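Student: I have a structure to study and would like a close look at just one part of it. Could you walk me through that part slowly?

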Amino acid sequence: MEAILTSKPHIVVIPWPVTSHMIPIVDIGCLLASHGAPVTIITPPASAELVRSRMDRAGQGAAASITVATVPFPAAEAGLPEGCERLDQVPSPDLVPNFFDANNLFGEAVARRCRRLTAPSCVVAGMCNTWAHGLARELGAPCFIFHGFGAFALLCCEYLNTHRPHEAVASLDERFDVPVLPPFEFKFARRQLPLQFLPSRSISIKEHSIRELREFEMAVDGIVVNTFEELEHGSVARLAAATGKAVLAVGPVSLCGSPGDLDSRADADEARRCMAWLDAKKACKSSVLYVSFVSAGRMPPEQLMELGAALVSSPWPVLWVIKGADSLPDDVEQWLRNNTDADGIPESQCLAVRGWAPQVAILEHPAVGGFLTHCGWGSTLESVAAGVPMATWPFTAEQFLNEKVIVDVLGIGVSVGVMMPTEGVLRGEKSRCGEAKVEVGTEQVIRALEKLMDGGADGDGRRNKVQELKDKAKAALEDGGSSYMNLEKLIHCDFVLCSCCHQAVPPNKKNEFRMAVGVDGPIVVGF
């Protein structure tokens, strides 16, 4: 039997072009490079600055091994506004299908570029780059998928895909069991599930794109997850067993930079203002409440006012990042000007930040003692890595699943009590503002924040648990730690790709596999 070996590792990383996915997958590229592997990150031109800012944060040792390859993104060709190269830049749910069409055309351009690169030993692709599997096979390399979800959320998704319990409920609000991590019990309503499990009329992604995503998930050789094996109570091992694939936990990837480092965007006045304001609060350690939600979701103005009333009446200093502040109604804008500080006055109690803020550096600041979050997995891991407990306000996607991990499994968070998702660009349904403008009142928010920031013995327990996880997160990426070793496996792993059927096979099963499928031709060893 003939074998063809790739002489040297070369990892090609192809992010799914949306900011919340690009940041962690580029950080994975930086971690791989810090282990000495040559890495090529392929990106549309408009995202090259974001990629390089993550490289700068990771340091010269990693950046020296990374090549950034820009490939034009055919936005206008697919009917998108010129320069619309990330999903979070799409101005309307109606244009989301166009973005998926543009991304498929982008895949063709990426394939042409990859044929001119040094042959990759592995391709790591974002979740909706469904064309990446065929490209990897053409190049003779294994393909790993990166979703941006944690292992528990992916385990739930695998259960939902296999057993389809959400299709048996009578309404979007009927709750059902998802028994994936005993002895814990989990119940969800269908409307709280990731978008691919919602009725097609409720989302702006076409059914054929959902099918392609599932086919991609089933075809890949392995799954790369931003988590660490000690975090999610065995979810990584259960996910590997459920999918039959290699699952490599390589996080928390936000730790790829030095503690307290800011990426290059931190040169902005807003970022400097944030850090100076926090420095003025240092004397009262862990006293500041940090509040930030997802950029792709927009809280209805009436709900924003209820939240704001709770924050400005808080006895704790608050750093509040407000996404989409420029599009708020005039009366809400006026209320913010009257009740919050936009200038970073050291004595102020509520600093309102409009737009981007250096979240990792904020969470690592000793003045910060709690985080009110939308439960995006990247934000969740950043909070764990910084040792900061959370109050949970899920918006959409897999965030209701993540809330269960934070509150029920790990015991490091307090639920605000949100039951309904928030409208975003991927939800094609019309705004829910008319049917439910305010789901969570001011007093409900205040009660959750009191538990988070004080909480007595229960609060002390949450703080102690998250500090223990912070230590484990750091250890996971150190030499010999679980995530460190999984990065090494990704660089040097022992996948064998059958040249006839393109399945990935462990080398010790090579002969057994050949006899089972009747392979007489060469088997290509990808690593």
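Student: Which residues line the largest cavity?

Tutor: Happy to help! Keep in mind that this is a predicted model. The lining of the largest cavity is made up of F100, D101, N103, N104, C128, T130, H208, S209, E212 and L213. Try finding them by number along the sequence, and then look at where they sit in the helices. Two helices, α4 (96–114) and α7 (207–219), each give at least two residues to this lining. The chemistry of the lining is mixed: 3 of its residues are nonpolar, 5 are polar and 2 are charged. The space inside the largest cavity comes to about 80 Å³, and the structure has 2 cavities of 30 Å³ or more.

Once you have found the cavity, you can turn to the sheet for a view of another part of the model. Here 6 strands form an open sheet with parallel pairing, and their order is β13-β12-β11-β14-β15-β16. At its edges are β13 (350–354) and β16 (413–415), each of which pairs on one side only. Going from one strand to the next, the twist averages 20 degrees. For a single pair to trace by eye, take β11 (residues 288–292) and β14 (residues 368–373), which run parallel and are joined over 5 bridges. Within that pair, V291 stands opposite L372 of β14. As a general point, strands of a sheet pair through backbone hydrogen bonds, in either a parallel or an antiparallel way.

Note on methods. Residues numbered from 1 in each chain as written. Predicted model: local features only at pLDDT ≥ 70, side-chain atom pairs only at ≥ 80, totals over all residues. Heavy atoms only, no water. 1 Å grid on protein atoms, 1.4 Å probe; cavity = no way out; pocket = protein on both sides within 12 Å on 5 of 7 lines; lining within 4 Å. Points joined across faces, edges and corners; volume = space filled by probe spheres on them. Helix = DSSP H or I, 4+ residues; strand = E, 2+ residues; numbered from the N terminus. Nonpolar A, V, L, I, M, F, W, Y, C, P; charged D, E, K, R; others polar. Pairing = 2+ DSSP bridges. Axes fitted to C-alpha atoms, helices over the stretch in contact; angles between N-to-C directions.
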